[in-house]
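Please look over the sequence and the model below before reading on. The paragraphs that follow go from the overall fold to single side chains and their partners.

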Amino acid sequence: MFKRHKSLASERKRALLSQRATRFILKDDMRNFHFLSKLVLSAGPLRPTPAVKHSKTTHFEIEILDAQTRKQICILDKVTQSSTIHDVKQKFHKACPKWYPSRVGLQLECGGPFLKDYITIQSIAASSIVTLYATDLGQQVSWTTVFLAEYTGPLLIYLLFYLRIPCIYDGKESARRLRHPVVHLACFCHCIHYIRYLLETLFVHKVSAGHTPLKNLIMSCAFYWGFTSWIAYYINHPLYTPPSFGNRQITVSAINFLICEAGNHFINVMLSHPNHTGNNACFPSPNYNPFTWMFFLVSCPNYTYEVCYFNNYTETKIGIFTLLMSIQMSLWAQKKHKIYLRKFNSYIHRKSAMIPFIL
């Protein structure tokens, strides 16, 4: 009997302990649920996960045909819209190794202008398939090579005539007659002129990375080298006579030479500034340098100074060379002036191209 009461008492204790434990668990659960609800309410409404936007890239298919035979050469696929003609030439060379990028000219239609390397495919594409015509331009040389050859030749050729080597002039006549001081001055000015050209080609001018046919190099060198030989022969000849107006003409011409050389150099330095090159170039404006004030009157002052350089302080056949160079530079200046008019009409509509108030 005693054992039975003892077991009942232990069962009651267990029941009471289990009830208390259940109450504590319920209280903890209520506390946790209350804390969780506060946390959710403080976080605000649930926001949907933003969708990841993938940039859609348009690809083009480039069909390249031979401009002469109109036959298909190859098809370049997966060409992006930001690719340039230069990139197309590189891919074309990988697909057809015999077509070198420097020798390839691409056209939208046969007989049309060749596309510049910086033109993007997106700017010329009318659909997803673009047809281009390829032409072999022949042997090409870089523009830097052209300029260096043009200017190095006259520098060396003139010095050969200045030294009066026996194969050019009579040795006895050269030894008997002394050179007039203007002959030395002419050699000095000529050397300074072409040395400046060479240095500006290497360190100042932003020479195009493109190429030009080899025949253009031959024609340019023939023109510069031929006229230099013709002029140098007369100026350094033993029978050469000094200018008719004497030292006054020589002094005025020498001052004019220094002014034109300095003006041409400062203009070229200004034009080489990044703000004045490329597609986003702005029209050059004069600054504190007096040599740049020529921009107030003309749009191409570098040609203005260049033409004024060819003065007649030696009174020789240089006048013919001056006339030919003036005609060529006027054509370049007018072409450049028209480009400036399209881009900067408000800046240069009252200016001349090369000669103030005339041309």
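Of the contacts in the protein with a separation of 6 or more, 70% are between residues 24 or more positions apart, a contact being heavy atoms within 4.5 Å. This is a predicted model, in which local features need pLDDT of at least 70 and side-chain atom pairs count only at pLDDT 80 or more, while totals for chains, interfaces and linings use all residues. Residues are numbered from 1 along each chain as its sequence is written, and side-chain values use heavy atoms, with hydrogens and water left out.

The protein has 11 helices and six strands; helices (H or I, at least four residues) and strands (E, at least two) are DSSP runs, numbered from the N terminus. Its pLDDT, the predictor's confidence in each residue on a scale from 0 to 100, averages 78, and 77% of the residues score at least 70. Among the elements, helix H4 (residues 143–162) has the highest mean pLDDT, 92, and helix H1 (residues 2–43) the lowest, 50. Over residues 1–6 the pLDDT is below 50, and this stretch has zero contacts in the model beyond near neighbours in sequence. Where pLDDT is low, the predicted coordinates should not be read in detail.

The accessible surface of the protein comes to about 23500 Å², of which 62% belongs to carbon and sulfur atoms; accessible areas come from the Shrake-Rupley method with a 1.4 Å probe, and for residues only the protein chains shown count as cover. Of the 359 residues, 36% are buried, where buried means under 20% relative accessible area, exposed over 50%, and partly exposed in between (1.4 Å probe, protein chains only).

Strand S3 (104–107) shows what burial can look like in a strand. In a regular strand the side chains alternate between the two faces of the sheet. Both faces of S3 are covered, since Val 104 and Leu 106 on one side, and Gly 105 and Gln 107 on the other, are all buried. S3 runs antiparallel to S4 and is joined to it by four bridges, two strands being paired if DSSP finds at least two bridges between them. Within this pairing, the bridge partner of Gln 107 in S4 is Tyr 133.

How many salt bridges are there? A salt bridge is a side-chain nitrogen of Lys or Arg within 4 Å of a carboxyl oxygen of Asp or Glu, and by this rule the count comes to four. One of them joins Arg 103 to Asp 136, with the closest N and O atoms 3.2 Å apart. This pair links distant parts of the chain, 33 residues apart, with Arg 103 in the loop between helix H2 (85–95) and S3, and Asp 136 in S4 (residues 129–136). Arg 103 is partly exposed because its relative accessible area is 26%, and Asp 136 counts as partly exposed at 44%.

Arg 196, Glu 200 and Glu 261 are linked in a network of salt bridges. Arg 196 and Glu 200, whose closest N and O atoms are 3.1 Å apart, both lie in helix H6 (residues 181–203), four residues apart, about one turn of the helix. Arg 196 also meets Glu 261 at 2.7 Å, N to O, and this pair links H6 to helix H8 across 65 residues. Arg 196 counts as buried at 10% relative accessibility, Glu 261 is buried at 7%, and Glu 200 is buried as well.

On the surface, Trp 293, Phe 296, Leu 297, Ile 355, Phe 357 and Ile 358 make a nonpolar patch of about 710 Å². Patches are made of residues with over 30% relative accessible area and no salt bridge, like charges being joined within 9 Å and nonpolar side chains (Val, Leu, Ile, Met, Phe, Trp, Tyr) within 5 Å. Phe 296 lies in the loop between helix H8 (246–271) and helix H9 (301–309), and counts as exposed because its relative accessibility is 55%.
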